[in-house]
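Student: I'd like to learn how to read a structure with a ligand in it. Can we go through one together?
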Amino acid sequence: MDNARTGSMAGRVAVVPGGTGSVGEGIVRAFLSAGADVVVPSRSQAKLDELSELIGPELAERLHGVTGAYGTFAEAEQLAETVKERFGRIDHVVPAVGGWWMGQTLWQTSEDAWQRFFLDVTTAHTAVARAFVPRLEAEGSYSMISGFSAQKPYAGAGIVSMSGAALLMMREVLSAELQGQRRVNDLILGPVITRTRPGGQPDWLTADQVGEAAVLVAANPAVADEHLVLDTVANLDRLRKRNQ
Ligand SMILES: NC(=O)c1ccc[n+]([C@@H]2O[C@H](COP(=O)([O-])OP(=O)(O)OC[C@H]3O[C@@H](n4cnc5c(N)ncnc54)[C@H](OP(=O)(O)O)[C@@H]3O)[C@@H](O)[C@H]2O)c1
């Protein structure tokens, strides 16, 4: 078992779909800091370039951007095949796909919002899971990122709550079907301090601390089939203790 220390993930390949996003950035930085090679697929080369700038030249040497979508089963399958071929192995996958949206009650919800924030997000997550889980190394892990609204109804953000809840059940189904063959966990986040929302309460996690938590989960073979609530820094401390 490993902790999140520098170099502990040397030789490992981590894939972070959503790595260009505000939470994903911290996850990417944490796996790079721990020594992994990190693959970030994105629909936008400009967002990959921005991520590389944010990460800085030293760590970015092991950051591998792949331009392309994974929003359909075929696209995700192609991506997973490409990553496996190019890097020879896939150790850890941490999808941080989809973001926040609010503004319409369920009875006002437009078809466009439903498509973008429910159907597109849940389809991308399902596509990534079905393409990557079978290609994971035996000791590998799959850690889905979700948000507090998946468990708490959020007035005006119902479709984000609903897609989050669907993803939590997807993780439970994966655990039931894998029966211990691969480690699958979900990390359910409270509000996070990020580059796009730099302010917050002192006990909120930063994106880098979410990344640290994701590395701790990936590095600890005892963390399997768990629903890990990461509301505050106290939750991260408990995770750190489990890796000591
Ligand atoms: N930010 C917070 O405070 C917070 C709090 C709790 C939970 N979370 C959770 O953290 C995860 C990421 O949130 P975030 O705030 O980092 O979001 P974000 O900044 O909007 O980033 C979302 C990422 O998802 C990728 N993506 C791929 N397909 C997508 C699609 N169909 N629709 C939208 N995005 C798509 C985007 O990649 P490309 O555009 O590069 O392809 C982008 O990198 C989500 O699961 C969210 O629920 C965030």
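**Reading the ligand's surroundings**

Tutor: Sure, and keep in mind that this is a predicted model. Let's begin with the shell: strand S5 gives the largest share of the residues around the ligand, 3 of them.

Student: Which elements give two or more residues to that shell?

Tutor: Start with where the ligand is: it sits in the largest pocket. Helix H1 (22-33), helix H5 (111-132) and strand S5 (141-147) each give two or more residues to the shell.

Student: How many residues surround the ligand, and which are the closest?

Tutor: There are 22, and the closest are Thr20, Val23, Ser42, Lys47 and Arg197. Sorted by class, the shell holds 10 polar, 8 nonpolar and 4 charged residues.

Student: What about polar contacts with the ligand?

Tutor: For those, look at distances between N or O atoms, with 3.5 Å as the limit. Thr20 has a polar side-chain atom 2.5 Å from a ligand oxygen. For Arg43, a side-chain N or O atom is 2.9 Å from an oxygen of the ligand. Gly18 uses a backbone N or O atom instead, 3.4 Å from a ligand oxygen. As for cover, the ligand alone exposes 890 Å², and the protein buries 81% of that.

Student: And how do I read aromatic pairs?

Tutor: You describe two rings by the distance of their centres and the angle of their planes. The whole structure has 5 aromatic pairs. In one of them, Trp100 and Phe148, the centres are 6.4 Å apart and the planes are at 25°, so the pair is stacked.

Student: Why does that pair tie together parts that are apart in sequence?

Tutor: Because Trp100 lies in the loop between strand S4 (92-93) and H5, while Phe148 lies in the loop between S5 and helix H6 (158-178); the parts are 48 residues apart in sequence.

Technical notes: Residues are numbered from 1 along each chain as its sequence is written. This is a predicted model: local features need pLDDT of at least 70, side-chain atom pairs count only at pLDDT 80 or more; totals for chains, interfaces and linings use all residues. Side-chain values use heavy atoms; hydrogens and water are left out. A residue is near a molecule or strand if one of its heavy atoms lies within 4 Å of it. A polar contact is a pair of N or O atoms within 3.5 Å; within protein, one must be able to donate a hydrogen and the other to accept it, and residues adjacent in sequence count only if both atoms are side-chain atoms. Accessible areas come from the Shrake-Rupley method with a 1.4 Å probe; for residues, only the protein chains shown count as cover. On a 1 Å grid over the protein atoms alone, a cavity is a set of points where a 1.4 Å probe fits but cannot get out, and a pocket is an open set with protein on both sides within 12 Å along at least five of seven lines; lining residues have an atom within 4 Å of a point. A molecule sits in a cavity or pocket if more than half of its atoms lie within 2 Å of its grid points. Helices (H or I, at least four residues) and strands (E, at least two) are DSSP runs, numbered from the N terminus. Ala, Val, Leu, Ile, Met, Phe, Trp, Tyr, Cys and Pro count as nonpolar, Asp, Glu, Lys and Arg as charged, and the others, Gly among them, as polar. Rings of Phe, Tyr and Trp (its six-membered ring) pair if their centres lie within 6.5 Å; planes under 30 degrees apart count as stacked, over 60 as edge-to-face and the rest as tilted.
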